[in-house]
Amino acid sequence: MAIRNVRIPSRQLYINGEWREPVKKNRIPIINPATEEIIGDIPAATAEDVDVAVEAARRALARDDWGSTTGAQRAKYLRAIAAKLLERKSELATLESLDSGKTLFESAADMDDVAACFEYYADLAEALDSKRKTPVNLHLDSFKTYVLREPLGVVGLITPWNYPLLMATWKVAPALAAGCAAILKPSELASITCLELGEICREVGLPPGALNILTGLGPEAGAPLSSHPHVDKIAFTGSGPTGVKIMTAAAQLVKPVSLELGGKSPIVVFDDIDNLDIAVEWALFGCFANTGQVCSATSRLIIQESIASEFLDRLLLWTKNIKISDPLEEDCKLGPVVSSGQYEKVLKFISNAKNEGATILYGGKRPEHLKKGYYVQPIIITDVNTSMEIWKEEVFGPVLCVKTFKTEEEAIELANDTKYGLASAIMSKDVERCERFTKAFQTGIIWINCSQPTFHQLPWGGKKRSGFGRDLGEWGLEKYLNIKQVTEYTSDDAWDFYKSPSN
Ligand SMILES: NC(=O)C1=CN([C@@H]2O[C@H](COP(=O)(O)OP(=O)(O)OC[C@H]3O[C@@H](n4cnc5c(N)ncnc54)[C@H](O)[C@@H]3O)[C@@H](O)[C@H]2O)C=CC1
Ligand SMILES: NCCCC(=O)O
Ligand code: NA
């Protein structure tokens with residue numbers, strides 16, 4: 001439940017285990033998207049602050065209290081963080097909703113996921129100890145070889161506003177589990193809960209410099225991180241254009257990056273489904289949860305022609321039944337989008353779709369009862385053709401476009417007709433057909449008879465223009481490790497490649 005009149009903490013930058021004023025002393029207003037009011041402000045880091053944070057991170061790696069910790073020791077910190085997060089769950093969920101417009105129900109679920117993700121990577125940190133050194137038996141007497149798994153070093157974590165604390169945690173938890181020293185740069189559109197993560201780390205006594213949190217604008221704080229010579233890797237979740245900028249900056253230093261970018265994912269519905277309403281609800285959840293601001297949203301509904309009319313009738317009824325309100329209200333299932341910029345962007349997509357000849361079957365207007373706030377009714381768009389912008393581009397709002405198909409071949413072609421490759425969903429009770437689609441979908445994530453359920457044990461990420469690298473699971477930990485081979489010559493004989501010079 002919401003903590004009414006919750007205090008918005010006023011924080012500085014979290015560097016070297018303490019709160020620190022940004023060098024230039026600038027701050028950025030916090031806007032509540034449900035009311036359009038300024039409810040606080042966050043510090044605005046610049047390149048000077050990035051330098052200080054990177055220095056603190058490198059010192060942490062050099063000190064025994066972080067750089068020489070075992071996975072088991074690091075696991076204790078991760079579990080203590082998880083416990084503190086759960087103690088503050090209601091307050092953090094309320095803050096998350098006030099900052100991002102996310103419904104309180106979803107914010108609370110996010111906080112559970114955040115704590116569970118820290119717990120999960122605590123387990124993996126412990127398990128790392130027995131995998132730190134892995135002998136490789138060459139069956140050669142004259143060599144002894146093994147592989148070492150070591151922390152990669154100082155890592156920059158740049159994250160988006162759609163799941164502010166959860167997306168940050170998907171990167172912070174494994175980075176700390178691996179023993180890296182991290183610098184988190186959350187989105188300026190929603191940073192409150194990430195700063196509270198700093199306070200929690202301070203309270204549990206996380207060694208100084210292990211995690212540093214710099215809020216601020218992308219070009220002012222994110223860009224210097226991407227191009228910093230003493231940052232060893234950048235892990236990014238956000239838009240394609242920004243991913244390209246980060247990758248370009250990192251390329252100058254041959255700095256590895258992982259990019260989790262956008263998507264325009266399909267949900268394919270066959271006429272063999274048993275229960276139409278179950279499929280309709282998955283189609284709704286797949287595109288309108290989190291007000292559609294989800295990189296893996298199945299925002300292209302591809303429905304078999306024989307059930308299209310009945311399916312759309314039911315879809316309309318379910319959509320009209322969605323409660324749109326202040327995100328803190330009980331049973332709210334659609335809040336405002338995150339900002340005025342995002343609101344204008346969604347409206348522009350809708351007007352472009354109309355201008356290109358598509359039909360707005362439902363929605364797209366401001367809800368009558370909500371005079372303030374970046375609210376837009378969920379939108380269903382039909383008469384879409386594959387050359388339209390609404391079919392090709394990620395909206396990152398509650399906008400579902402619809403096309404029909406007759407045959408499997410047509411469905412596969414439509415589903416894969418996108419520059420993105422993050423996720424795909426299929427609704428069918430035909431097991432072999434689902435197998436065929438699992439192989440045919442050109443994405444990193446496949447949902448069968450569902451859309452969106454996300455578990456931190458499984459790899460998350462895509463291909464094509466959705467980026468590369470994986471968050472979550474073992475894969476999410478591996479990306480913060482340096483894999484080192486050690487080869488020792490154990491024979492007493494000379495190598496005998498060159499002729500020994502005569503004395
Ligand atoms: N795939 C995903 O999960 C997300 C996709 N998006 C897409 O991106 C669009 C724009 O949203 P934004 O929040 O502006 O996303 P963005 O990609 O610009 O911002 C994401 C993060 O990158 C940082 N950033 C921005 N410019 C940077 C730069 N030059 N160097 C380093 N860091 C930089 C931002 O400060 C933020 O922390 C959305 O409309 C949506 O289509 C946005 C958020 C999440
Ligand atoms: N269900 C998690 C989605 C994460 C993302 O939108 O990036
Ligand atoms: Na905000």
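In strand 16, Phe405 is the bridge partner of Gln304, and this pair is a convenient entry point to a predicted model in which several neighbouring strands can be followed one after another.

## The strands around Gln304 and Phe405

Strand 16 covers residues 399–405, and because six of its seven residues are buried, it is largely enclosed by the rest of the structure. Its pairing with strand 13 runs in the parallel sense over five bridges. Strand 15 also pairs with strand 16 in the parallel sense, here over three bridges, and in that pairing Ile379 stands opposite Val399 of strand 16.

Strand 13 is itself mostly covered, with five of its five residues buried. In a regular strand the side chains alternate between the two faces of the sheet. Strand 13 can be read in that way, since Arg300, Ile302 and Gln304 point to one side while Leu301 and Ile303 point to the other, and all of them are buried. Strand 13 pairs with strand 12 as well, in the parallel sense and over four bridges, and the bridge partner of Pro266 in strand 13 is Arg300.

From strand 12, which spans residues 266–269, the pairing continues to strand 17 in the parallel sense over three bridges, with Ile267 opposite Ala425 of strand 17. Five of the five residues of strand 17 (residues 423–427) are buried, so this strand, too, is largely enclosed by the rest of the structure. Ala423, Ala425 and Met427 point one way from strand 17, whereas Ser424 and Ile426 point the other way, and all are buried. Strand 17 also pairs with strand 18 (residues 445–448), again in the parallel sense, over four bridges, and Ser424 stands opposite Ile446 of strand 18.

The pairings described above are collected here.

| Strand pair | Sense | Bridges | Facing residues |
|---|---|---|---|
| Strand 15 and strand 16 | parallel | three | Ile379 and Val399 |
| Strand 13 and strand 16 | parallel | five | Gln304 and Phe405 |
| Strand 12 and strand 13 | parallel | four | Pro266 and Arg300 |
| Strand 12 and strand 17 | parallel | three | Ile267 and Ala425 |
| Strand 17 and strand 18 | parallel | four | Ser424 and Ile446 |

## Two buried polar residues

Ser296 is found in the loop between helix 10 (276–288) and strand 13 (300–304). Although Ser296 is in a loop, its relative accessible area is 1%, and because buried means under 20%, Ser296 counts as buried. Leaving aside neighbours within four places in sequence, Ser296 is in contact with Ser265, Leu422, Ala423, Trp447, Gln452 and Trp460. Of these partners, Ala423 is a residue of strand 17, and Trp447 falls within the residue range of strand 18.

Asp49 is found in helix 1, which comprises residues 47–62, and Asp49 is likewise buried, with a relative accessible area of 1%. Once its neighbours within four places in sequence are set aside, Asp49 is in contact with Leu13, Ile15, Glu21, Pro22, Val23, Ala44 and Leu214. Asp49 and Ala221 are 172 residues apart in sequence, and their C-alpha atoms are 8.1 Å apart in space.

## Two exposed loop residues with positive phi

Most residues other than glycine have a negative phi. His139 has a positive phi, near 55°, and lies in the loop between strand 5 (133–136) and strand 6 (143–151). With a relative accessibility of 66%, His139 counts as exposed. Asp383 also has a positive phi, of about 55°, although it is not a glycine, and its place is in the loop between strand 15 (379–382) and helix 13 (389–392). Asp383 counts as exposed at 51% relative accessibility, because the limit for that class is over 50%.

## The protein as a whole

The protein has 16 helices and 20 strands, and 55% of its 503 residues count as buried. A compact globule with 503 residues would have a radius of gyration near 23 Å, and the 25 Å of the protein agrees with this. Along the principal axes, the C-alpha atoms fill a box of roughly 95 × 55 × 40 Å.

Among the contacts with a separation of 6 or more, 73% are between residues 24 or more positions apart. The protein exposes about 21,300 Å², of which carbon and sulfur atoms supply 53%. Finally, the mean positions of its 56 positive and 66 negative charges are 3 Å apart.

Methods:
Residues are numbered from 1 along each chain as its sequence is written. Chains are lettered from A and ligands numbered from 1 in the order in which they are written. This is a predicted model: local features need pLDDT of at least 70, side-chain atom pairs count only at pLDDT 80 or more; totals for chains, interfaces and linings use all residues. Side-chain values use heavy atoms; hydrogens and water are left out. The radius of gyration is taken over C-alpha atoms; the globule rule is 2.2 Å times the number of residues to the power 0.38. Buried means under 20% relative accessible area, exposed over 50%, partly exposed in between (1.4 Å probe, protein chains only). Contact means heavy atoms within 4.5 Å. Accessible areas come from the Shrake-Rupley method with a 1.4 Å probe; for residues, only the protein chains shown count as cover. Lys and Arg count as positive and Asp and Glu as negative; His and the chain ends are not counted. The place of a charge is taken as NZ of Lys, CZ of Arg, CG of Asp or CD of Glu. Two strands pair if DSSP finds at least two bridges between them.
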